[in-house]
Amino acid sequence: MYVFDTSLEDSTTLHGNAHLQRLAFHLPREVMKAAKRDRVRLLASTDSDQANGMPWNDEGLVTFSFSAETGSSTPVFSDRRDHPLSRSAVQRIRLGSRVRLSVRQVRRRHPRPGSRLQVLKVQVLDLDAIPKGGPASPHSIQTVSLQLPLDLMQEVERLATQEDWSTQAWLRNAIETQVHRSRQRLEQHESAA
């Protein structure tokens, strides 16, 4: 099994209306080397002339397809805290999202012998699942370049880590809280006048 961080490529399709879903990603060089070694061991008993090519291209691009309707070969999707994602949350995963994949290489016998990579788990590193019955939490964390003084940014990072949030989610929550408080103060001021 291989566990590695990568990002989803342009040919990824996770739409609910498509029969076949597709994950496209690049293998890191170290994983590609290990997978080549494992492939040789996996196919040692087959005729090398009959075996098909590598399950990735020269740049390490892998395309993994699975059925959205039958659940056949469907990987488990989870958020950055390893909580399962709902089907609607999976459909909101964007191209270029950073993911941690758990992949295994399995033997393929038909139509020609060879191997394929099967994605077992997709952990989306920039996503938080909305807890059932719990308070609304920031469930979509965007990467935003924000110009803050270094000391302020360090304090934000410290507070975010302390509360087990990403920096972007903590900032968004802090801004939304401040806006809510300001609106309440304005409403109180208007009612007093």
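Helices and strands are DSSP runs, a helix being H or I over at least four residues and a strand E over at least two, and they are numbered from the N terminus. The exercises below use these element names throughout, and they concern a predicted model.

**Exercise 1. Describe the overall make-up of the chain: how many helices and strands does it have, and in what pattern do they follow one another along the sequence?**

Solution. Begin with the count, which comes to 4 helices and 6 strands. Next, read the elements in sequence order, and the pattern β-β-α-β-β-α-β-β-α-α appears. Then turn to burial, where the chain of 193 residues has 34% of them buried. Finally, take the contacts between residues at least 6 apart in sequence: of these, 64% join residues that are at least 24 apart.

**Exercise 2. Work out which elements supply the lining of the largest pocket with at least two residues each, and of what kinds the lining residues are.**

Solution. The largest pocket has a volume of about 270 Å³, and its lining consists of 16 residues. Nearest the centre of this pocket lie Phe66, Thr74, Phe77, Arg87 and Val90. Going through the elements, one finds that β3 (61-67), β4 (76-78) and α2 (87-91) each supply at least two residues, and that α2 gives the most, with 3 residues. Sorted by kind, the lining divides into 8 nonpolar, 7 polar and 1 charged residues.

**Exercise 3. Find the residues with the most contacts inside the largest nonpolar core, and say which elements give two or more residues to this core.**

Solution. The largest nonpolar core has 28 residues, and those with the most contacts inside it are Leu23, Phe25, Leu27 and Ile93. Two or more residues of this core come from each of β1 (2-7), β2 (20-26), α1 (29-42), β3, α2, β5 and β6 (114-124). As background, nonpolar side chains in soluble globular proteins tend to be buried together. To look at one of the core residues in detail, take Ile93, which, leaving aside neighbours within four places in sequence, is in contact with Leu8, Leu14, Phe77, Leu85, Val124 and Leu127.

**Exercise 4. Decide whether Gln105 is buried or exposed, and trace the polar contacts of its side chain.**

Solution. First locate Gln105, which is found in strand β5 (residues 98-108). Its relative accessibility is 13%, and because buried means under 20%, Gln105 counts as buried. A polar atom of the Gln105 side chain lies 3.0 Å from the backbone oxygen of Ala35, and the side chains of Gln105 and Ser115 are joined by a polar contact of 2.9 Å. Beyond residues up to four places away in sequence, Gln105 also has Tyr2, Asp38, Trp56 and Leu117 among the residues that it touches.

**Exercise 5. Carry out the same kind of analysis for Thr6, asking in which strand it is found and which backbone oxygen its side chain reaches.**

Solution. Thr6 is found in strand β1, and it counts as buried because its relative accessibility is 14%. The side chain of Thr6 reaches the backbone oxygen of His26 at 2.9 Å. When residues up to four places away are not counted, Thr6 touches Phe25, His26, Ser97, Arg98, Val99 and Leu101.

**Exercise 6. Describe the surroundings of Leu117 and of Arg107, and state how far apart their C-alpha atoms are.**

Solution. Leu117 belongs to strand β6 and is buried, with a relative accessible area of 6%. Its C-alpha atom is separated by 6.5 Å from that of Val103, a residue 14 places away along the chain. Among the residues that Leu117 touches, not counting those up to four places away, are Leu27, Val62, Phe64 and Gln105.

Arg107, by contrast, has its place in strand β5 and counts as partly exposed at 31% relative accessibility. A polar atom of the Arg107 side chain lies 2.3 Å from the backbone oxygen of Leu42, and Arg107 touches Leu42, Leu43, Ser45, Gly114 and Ser115 when residues up to four places away are left out. The C-alpha atoms of Arg107 and Leu117, which are 10 residues apart along the chain, are separated by 8.9 Å.

**Exercise 7. Locate Asp82 and state its phi value.**

Solution. Asp82 lies in the loop between β4 and α2. Its phi is near 75°, a positive value in a residue other than glycine. With a relative accessible area of 39%, Asp82 is partly exposed.

How values were computed
Residues numbered from 1 in each chain as written. Predicted model: local features only at pLDDT ≥ 70, side-chain atom pairs only at ≥ 80, totals over all residues. Heavy atoms only, no water. 1 Å grid on protein atoms, 1.4 Å probe; cavity = no way out; pocket = protein on both sides within 12 Å on 5 of 7 lines; lining within 4 Å. Points joined across faces, edges and corners; volume = space filled by probe spheres on them. Nonpolar A, V, L, I, M, F, W, Y, C, P; charged D, E, K, R; others polar. Buried < 20%, exposed > 50% of the residue type's maximum accessible area, 1.4 Å probe, protein only. Polar contact = N/O pair within 3.5 Å; in protein donor to acceptor, adjacent residues only side chain to side chain. Contact = heavy atoms within 4.5 Å. Core = buried A, V, L, I, M, F, W, Y, C linked by side-chain atoms within 4.5 Å.
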